[in-house]
Amino acid sequence: RSVVARTTSVTPTGIDGPMECLDLMALDFRSNMFPAFAMVPSYNDWLLDADLDSTYLYERRVLKLLQWGEPVRPWRLKTPAHLLWLPSLDRAFPDCRFVMTHRDPTEVMLSIATVYTGTAAMFSDEVDPKFMGAMNVAIWSEGMRRAIAFRDAGNDQRFYDIQFRAMHKDPIGEVRGLYQWLGEEVSPEFEANMAAWWEENTANREVAEKPDPAMFGLDMDEVSELFADYRERAEQWCRHHSN
């Protein structure tokens, strides 16, 4: 129960807030949401090597349906899981640009493992936190490796990078920089709404208790080493956009 309770504090949601693409991807039965529902190692291994071209093409079809009859607006797709299948996403949305936020993954592995363990506990009486810890470290270290490879394959200029701590220090300034890169306007009304949202969100955010790595069977020094290449690249990417 304590793990389930912590899940809500690390993943705040609301009826008028953004949803991740995982639900739309699940319509093609290829989604990173399923590993959070049950411990099925064979599915996890299959998913990492799966071809997600059909998944993203179907997501595009569903987005068109959802937008039917509404004013034309840009789609903004959101989920960290996109890191795993960027070439497939790119083939479905060839004009897309990418906003990548950066934080040392070592700092968030425990939170991610907590979310997965808490979600699985809603569907099963027997959940192995150590399985969830090892699974998430494997998934996200591979995701970072694939993201670096995608950027190195001639796509680096399509990315806008935001450092996590810079976003906390000056969220409106960081969004202004992003919108300038996108060629979109930040109106006074938009800026006021952002400021109000940030203030309300900060005031209502619960303080999540940091779990013990031993609960998930993780050695954080070993986890940190897996993300060393990414941390080095992220520092370069963020420095480029701050100049």
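Colleague: Let's start with helix H9. How do you know that its length fits what a helix of 12 residues should span?

Modeller: Keep in mind that this is a predicted model. H9 covers residues 171-182, and at 1.5 Å a residue its 12 residues should span 16 Å. The end C-alpha atoms are 16 Å apart, so the expected span and the model agree.

Colleague: Which residues of H9 are buried?

Modeller: Pro171, Val175, Leu178, Tyr179 and Leu182 are the buried ones.

Colleague: And what makes you say that they line one face of the helix?

Modeller: Look down the axis of H9: the buried residues fall within an arc of 95 degrees, so they line one face. Here's the general background: an α-helix has 3.6 residues a turn, so residues three or four places apart point the same way. Just after H9 comes Gly183, with a positive phi near 75 degrees.

Colleague: Now Ser88, which is in helix H5, residues 86-92. Why is Ser88 called buried?

Modeller: Buried means under 20% relative accessible area. Ser88 has 7% relative accessibility, so it counts as buried.

Colleague: What makes the link between the side chains of Ser88 and Asp53 a polar contact?

Modeller: The distance is a big part of it: such a pair of N or O atoms must be within 3.5 Å, and these two side chains are joined at 2.7 Å. Leaving aside neighbours within four places in sequence, Ser88 is in contact with Asp51, Leu52, Asp53 and Tyr56.

Colleague: Okay, and Lys210? Is it buried or exposed, and how do you know?

Modeller: Exposed means over 50%, and Lys210 has a relative accessible area of 68%, so Lys210 is exposed. You'll find Lys210 in the loop between helix H10 (188-204) and helix H11 (220-226).

Colleague: Why do you call Arg165 and Glu107 a salt bridge?

Modeller: The cut-off is 4 Å between a side-chain nitrogen of Lys or Arg and a carboxyl oxygen of Asp or Glu. The closest N and O atoms of Arg165 and Glu107 are 3.3 Å apart, so the pair passes that test. Arg165 lies in helix H8 (residues 164-169) and Glu107 in helix H6 (residues 105-121), so the pair ties together parts that are 58 residues apart in sequence. Arg103 joins in too: Arg103, Glu107 and Arg165 are linked in a network of salt bridges.

Colleague: Why is Glu107 called partly exposed?

Modeller: The partly exposed class lies between 20% and 50%. Glu107 comes out at 32% relative accessibility, so that is its class.

Colleague: How many salt bridges are there in total?

Modeller: The count comes to 15. Among them, Arg151 and Asp161 meet at 2.7 Å, N to O, and both residues are buried. Another pairs Arg233 with Asp152, the closest N and O atoms being 2.5 Å apart. Arg233 is in helix H12 (residues 228-242) and Asp152 in helix H7, 81 residues apart.

Colleague: Last one. Which residues have the most contacts inside the largest nonpolar core?

Modeller: Tyr56, Trp85 and Met100, in a core of 47 residues. H7 supplies the largest share, 9 residues. Leaving aside neighbours within four places in sequence, Tyr56 is in contact with residues including Trp85, Ser88 and Phe93. Apart from this core lies another, of 8 residues, with Ile162, Val175, Val186 and Met194 among them.

Technical notes
Residues numbered from 1 in each chain as written. Predicted model: local features only at pLDDT ≥ 70, side-chain atom pairs only at ≥ 80, totals over all residues. Heavy atoms only, no water. Helix = DSSP H or I, 4+ residues; strand = E, 2+ residues; numbered from the N terminus. Buried < 20%, exposed > 50% of the residue type's maximum accessible area, 1.4 Å probe, protein only. Polar contact = N/O pair within 3.5 Å; in protein donor to acceptor, adjacent residues only side chain to side chain. Contact = heavy atoms within 4.5 Å. Expected span 1.5 Å × (residues − 1). Arc of directions from axis to C-beta. Core = buried A, V, L, I, M, F, W, Y, C linked by side-chain atoms within 4.5 Å.
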